[in-house]
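Me: I am new to this structure. Please take one sheet with helix cover and go through it closely, then place it in the whole.

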Amino acid sequence: MMRSLFSGVSGLKNHQIRMDVIGNNIANINTIGFKKGRVTFEEALAQTMRGAMRPSELHGGTNPMQVGLGITIGSIDTMFSQGNLESTGIQTDLAIQGDGFFVLSDGVSEYYTRSGNFQFDAQGRLINPTNGYVVQGYMANNSGVIEPGTSIGDIVLPFGQKVAAKATTKVAFTGNLNASENPQGTIVRSDVMYAIETTTDDSDVNGLYASGNTNSNITGLVPGITTITVNDGTNTHTYTYVLEDSGASNDDFNSLADLIDEINNDFSGSIQVTLNSSGALEFSYDGTGSATISITSNSAVLESALTEANGTVSDDGAGNVVTTTTDEFSHRATENDLLVNLRNSSGQSLNLSSGDALAISCLKNGALITGNFTVSSSSTLADLNTQIASVLGLSETTQVSIDSSGRLNIQGDPGADNELSAISISESNNSVLGSTMSFTEIQEAKDAKYSTNVTIYDALGHKHTLTLTFKKTVIPGQWTWEAQLGGDETISAGGQGKLAFNPDGSLLSFTYDGGATALQFNPNNGADPMNVILDVGTTSSYDGLTQFSAPSAVVINSQDGYASGNLSSISIAQNGEITGLFTNGVTKTLAQIVLAVFNNPSGLLKVGDNMFSTSANSGAPAKGAVGEVIQSTILPGSLEMSNVDLAEEFTDMIVAQRGFQANARVITTSDDMLNELVNLKR
């Protein structure tokens, strides 16, 4: 009877322990990183009343007879299931997603926790604010590299640390240079020039300039409609303007030479006409005698140019000759016209004669260049054009030409470096030539170029503005480039070169002039000379500069230099790396938090402050960075909450309460039975 009493007592005691564990779980329902406990029971030793007997040939065996002596605690386990994560927004609040523990040290021993509410102390150490223990990890070297074999130690961030300046060694460019853009040369043109009309010119009358009575161009002649009527006092003949004259005696004309042939054919023995050295129709009497000439036209401008010849012509055979002349006719100058026959836009002679010396001068990109040309009786405009092209140093003689309007056109070589200005073709005391050869700019010389700039740094952290200017050449797909610096720097090599592209727009080559391999310059401020590689991409690819028919846009992809800077803030990555952001924009790894895992985390000893220490059955910790020996994740700005399930705990509480009540009933029942036993003597 005493056995049941003691069994009930053991039940009461151990259910109370279970209730203690449940109460602790509920008490820590809001404790960061808390891991709940669990109690398991096991049967206590049993009293053997009869042992077991093995079977014999005649009788079967018998089982042992045992009476249990109650229960005892089998284990109190710590349950390391994942707790919910709560975002806090505080950078140094850390939560572990998965297995593992943060490692803390008090300077002597290591402790382990899932509670990641860390802070930095006054010395920059990452600590647990509850007890000041320091979080453990790897520290990076001055270059921001965690070297292999680095030992685990206190994480101490060097707030106030400076990053030394780094000289730029490479600048990478990307973008496009416009394939459709081309350099332009200066284009200038003179005033209109005319040349004396001769019978060999055979110029269309429609367009000739008549100077004298008319002083204007002959225009508006209508083929088949416009006529000229000539009367010698006896005979009258009418001639019709046509686009193409088929010959004499058909009363048609297109040029003055055609008209002369017709008149001389029809008025033979009466009057005859020639084209004199001034380009005027000169009428005379054919033979001995006289005639009164009357010329009319249904074209007012044509009649105005011809009627100066109206009047009496005569020849008495004794050398007394009377002639009449029309206006002087000129055609728009061509390259085959003689210089001595040239006139200005008003029909006034340029006053050029054999032996005249013409001075040719020009400013080419601001530099004065001069030359001369001596006029001969056979010199043509083509000859003068060739000399002008030679004096101006033009690539082709065809860049100096006469257009259909009789203007002298000069086209300079492409590019602003070949800019032409103040072009002059003159002769001393010849104002007519000077005004006619006064050139008007039609097109300004300019480069097809694009510039971009980037700030680079020397070893002392001084800024230097590097400007790269690309200029397109006349060679398809080729550009020149030039580097310029905006201060007192001195470029010693690699300041210019050539850039070429393939027909598909990809990069063909990028070279430095003079065999250089990089831009070299002296900052002239005490810093070491600099050697900067200009990277415009990989040949035959599109990863850098390209040449397509699209607007030019070259940007800086990267440059590896920077000024000095101070540590301004930090960030923590999911692998535990702590990265520092410096005031110069540089980011550098400062440290990396390590985690520890155990073969049997339930074997760890709770030591308070949400921390654990190793025990004989936990095993030694395996420590390392996330992604190495530990496949978990560190979440910055979050905390792991308690893994206590309140509904489960309340259910366990009911079970524990009922167990306690049942064991209490065993004790009271055993007491009643003992009471009956005592009362037997009564």
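Reply: Two strands pair if DSSP finds at least two bridges between them. Strands (E, at least two residues) and helices (H or I, at least four) are DSSP runs, numbered from the N terminus.

This is a predicted model, where local features need pLDDT of at least 70, side-chain atom pairs need 80 or more, and totals for chains, interfaces and linings use all residues. Numbering starts from 1 along each chain as written, and side-chain values use heavy atoms, without hydrogens or water.

Start with the sheet. It is open and has 6 strands. Read across, the order is β21-β20-β19-β24-β25-β26. The pairing is mixed. At the edges stand β21 (252-253) and β26 (321-322). Each has a single partner strand, so one side of each lacks a neighbour in the sheet.

Now look at the β21 edge. Strand β20 (residues 236-241) is joined to β21 by 2 bridges, and the two run parallel. Here Tyr241 stands opposite Phe253, a residue of β21.

A helix covers this end. Helix α2 (residues 256-266) lies across β19 (227-231), β20 and β21, with contact meaning heavy atoms within 4.5 Å. Against β20, α2 runs at about 160 degrees. Such angles go from 0 to 180 degrees between N-to-C directions, using lines fitted to C-alpha atoms, for helices over the stretch in contact.

Another sheet makes a useful reference. It is open, with 3 strands in the order β30-β29-β33. Its pairing is antiparallel. Its edges are β30 (367-374) and β33 (420-426); each has a single partner strand, so one side of each is left free of a neighbour in the sheet. From one strand to the next, the twist averages 10 degrees. Strand β29 (residues 357-364) pairs with β33 over 5 bridges, in the antiparallel sense. Among the facing residues, Lys364 has Leu420 of β33 as its bridge partner. Helix α4 (residues 381-391) lies across β29, β30 and β33. It runs at about 155 degrees to β30.

Next, the wider setting. The protein has 6 helices and 52 strands. Its radius of gyration (over C-alpha atoms) is 56 Å, well over the 26 Å that the globule rule (2.2 Å times the number of residues to the power 0.38) gives for 682 residues, so the protein is more spread out than a compact globule. Along the principal axes, the C-alpha atoms fill a box of roughly 200 × 60 × 50 Å. Of the 682 residues, 42% count as buried (under 20% relative accessible area; exposed is over 50%, partly exposed in between; 1.4 Å probe, protein chains only). Among contacts with a separation of 6 or more, 62% come from residues 24 or more positions apart.

Last, the rings. The whole structure holds 13 aromatic pairs (Phe, Tyr or six-membered Trp rings with centres within 6.5 Å; stacked under 30 degrees, edge-to-face over 60, the rest tilted). One of them joins Tyr112 and Phe598, edge-to-face, at 5.0 Å centre to centre and 85 degrees between the planes. Tyr112 sits in strand β8 (residues 110-113). Phe598 sits in the loop between β47 (587-597) and β48 (605-608), 486 residues apart from Tyr112. Tyr112 is buried, at 3% relative accessibility. Phe598 is buried too, at 10%. Both belong to one aromatic cluster with Phe80, Phe101 and Phe612.
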